[in-house]
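Trainee: Got a minute to go through this one with me? I'd like to know where the labels come from.

Mentor: Sure, pull it up and ask away.

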Amino acid sequence: MVLSKTASHTDASVHSTFASRYVRTSLPRFKMGEQSIPKEAAYQIINDELMLDGNPRLNLASFVTTWMEPECDKLIMAAINKNYVDMDEYPLWDLGFGGPYGKTNRCVNMIAHLFNAPLEESEHAVGVGTVGSSEAIMLAGLAFKRRWQNKRKQEGKPCDNPNIVTGANVQVCWEKFARYFEVELKEVKLRDGYFVMDPEKAVEMVDENTICVAAILGSTLNGEFEDVKRLNDLLAEKNKETGWGTPIHVDAASGGFIAPFLYPELEWDFRLPLVKSINVSGHKYGLVYAGIGWVIWRTKEDLPEELIFHINYLGADQPTFTLNFSKGSSQVIAQYYQLIRLGYEGYKMVMENCRDNMEVLKEGLEKTERFDIVSKEIGVPLVAFTLKDHSHFNEFQISDLLRRYGWIVPAYTMPPDAEHVTVLRVVVREDFSRTLAERLVIDVTKVVHELEMLPARVISTNTVKVTREDGGETEGKVLIAKKSELETQREITSVWKKFVMQRKKMNGVC
């Protein structure tokens, strides 16, 4: 949900040139109109506004899938009007909830086996489909919290101060969980050159109130996989000493559909005994459009029974463990399509292509000799890079100018204690071809060359005297920065817009 804001006088109405042949009066933007309008007009008005959107395939900020095969698009449209929660009316919806609490779940079981869940021959996996990894993390966190509370109550100990240990590089959904469900979030700070959670420091922060340690398989910041194996070994030693039995959750939102195919020998999943649950985003490298995620539990004992609700007012008895109730079924169908269509071989080929195109992009950027690469060899196929020299321009200016070529490449600062590092990041998805990678390098080179033609930001130094604590004085140098022509032009434009808007308000123009 996007938080709304109040309307200004200038954007209170919706106008469309083509729709004027059907509607002569403007439509209110933030209120429902009194009269109906023709369907052609409604379509044209909305279509005109959507034309201003960026090209999703050139949005290199997003991990989310932006292309699927036409056959899958047809299945999505065929299921668009079916409610996923109504499993009695739509029997195939055993695709989305699995385990002893529901029908045999095809997707959940396939993913559980992919993550090496310790299942017997006829045993069903325990998991649930969600709208994304955010909801999956909420559900996994609730299960950890409830199990911790039950254990503390049995021991006669207080259970009112739970905490989770994570790295400062976690996605915002972990902060949401902590705030919404009253769990303290204990973050391991980052450091220069090490932008993921340090397992040693994480285990040091664990105490008797820690409900779990969250490891990230594919950091949002630089795509790096955290060392879950090392974390498991250190935590096992601490559990043996303390008897706390602190478990691990793996946030594999980005890396869950990558590691099994590119790095099958890497131990990060249910092969590690302390890993009790894993979430993964189907709409990232699961290769499905936005709106599908999964959470898998190691065993049925790791998901407390009291969190499962059973309903029968839609027909037969149905178990449910989600934060919402009704939702569309299309994305679940799309996930099932990809799993049976591609199989292990197909997913492996897609991930290898993504990795190869990532290498093309990385090598191209390195040849410019302008950037340092901060992403790692083993991880999500993306390239995170930073400027070697910041005296003339910065990463935010590069990001801004790349939009002129249609590219959306985000620039951002690292979390504490690495805020001084600014990074550009390009996510390589299935639809990002080698041709696009080569073209992006060309456009980045053009942008850098254009920025280099601008005057240097630092133009002189001044000598100043600073009074020390002992009363003495020390001379020092202060760099005086000059705004670039682009920055000056934007500042003038911004001031002029504010002036014009103020004049309009004074004149009563709306």
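Trainee: Are Phe371 and Phe385 buried or exposed?

Mentor: Both Phe371 and Phe385 are buried. Keep in mind that this is a predicted model.

Trainee: How many aromatic pairs are there, and what makes two rings a pair?

Mentor: The count comes to 8 aromatic pairs, and the test is ring centres within 6.5 Å. Take Phe177 and Phe181: their centres are 5.4 Å apart, so they pass, and their planes sit at 35°. That angle is neither under 30 degrees nor over 60, so the pair is called tilted.

Trainee: What burial labels do Phe177 and Phe181 get?

Mentor: Phe177 has 0% relative accessibility, so it falls under the 20% cut-off and counts as buried. Phe181 comes out at 23%, which lies between 20% and 50%, so that one is partly exposed.

Trainee: Back to Phe371 and Phe385, then. Why is that pair called edge-to-face?

Mentor: The planes of Phe371 and Phe385 are 85° apart, with 5.0 Å centre to centre. Since 85° is over 60, the label is edge-to-face. Phe371 lies in strand β13 and Phe385 in strand β14, so the pair ties together parts that are 14 residues apart in sequence.

Trainee: Which residues do ring pairs link into a cluster?

Mentor: Phe257, Phe261, Tyr344 and Tyr347.

Trainee: Next, Lys284. What does UniProt say about it, and where does it sit?

Mentor: The unreviewed UniProt entry puts "modified residue: N6-(pyridoxal phosphate)lysine" at Lys284. In the model, Lys284 is in the loop between β9 and β10.

Trainee: How do you know whether Lys284 is buried or exposed?

Mentor: Its relative accessible area is 16%, and because that is under 20%, Lys284 is buried. Leaving out residues up to four places away in sequence, Lys284 touches Phe63, Val64, Thr65, Ala253 and Ser254.

Trainee: What stands out about Leu287 and Glu369?

Mentor: Each has a positive phi without being a glycine: about 70° for Leu287 and about 60° for Glu369. Most residues other than glycine have a negative phi. Leu287 is in the loop between β9 and β10, while Glu369 is in the one between α9 and β13.

Trainee: And what makes one of them buried and the other exposed?

Mentor: Leu287, at 3%, is under 20% and therefore buried. Glu369, at 62%, is over 50% and therefore exposed.

Trainee: Why is the peptide bond from Pro416 to Asp417 called cis?

Mentor: Its omega is near 0°. Asp417 is in the loop between β15 and β16. Most peptide bonds are trans.

Trainee: What caps the N-terminal end of α3?

Mentor: Asn105 does, with a side-chain oxygen 3.1 Å from the backbone nitrogen of Cys107. Within the helix, the buried residues include Cys107, Val108 and Ile111. Following α3 there's Asn116, with a positive phi near 60°.

Trainee: How many disulfides are there, and what would make one?

Mentor: The count is 0 disulfides, where the test is a pair of cysteine sulfur atoms within 2.5 Å. As for burial, Cys354 at 2% is under 20% and so buried, whereas Cys159 at 21% is over that cut-off and so partly exposed.

Key. Residues are numbered from 1 along each chain as its sequence is written. This is a predicted model: local features need pLDDT of at least 70, side-chain atom pairs count only at pLDDT 80 or more; totals for chains, interfaces and linings use all residues. Side-chain values use heavy atoms; hydrogens and water are left out. UniProt positions are given in the numbering used here, feature names are shortened, and annotations may be inferred rather than shown by experiment. Helices (H or I, at least four residues) and strands (E, at least two) are DSSP runs, numbered from the N terminus. Buried means under 20% relative accessible area, exposed over 50%, partly exposed in between (1.4 Å probe, protein chains only). Contact means heavy atoms within 4.5 Å. A polar contact is a pair of N or O atoms within 3.5 Å; within protein, one must be able to donate a hydrogen and the other to accept it, and residues adjacent in sequence count only if both atoms are side-chain atoms. Rings of Phe, Tyr and Trp (its six-membered ring) pair if their centres lie within 6.5 Å; planes under 30 degrees apart count as stacked, over 60 as edge-to-face and the rest as tilted.
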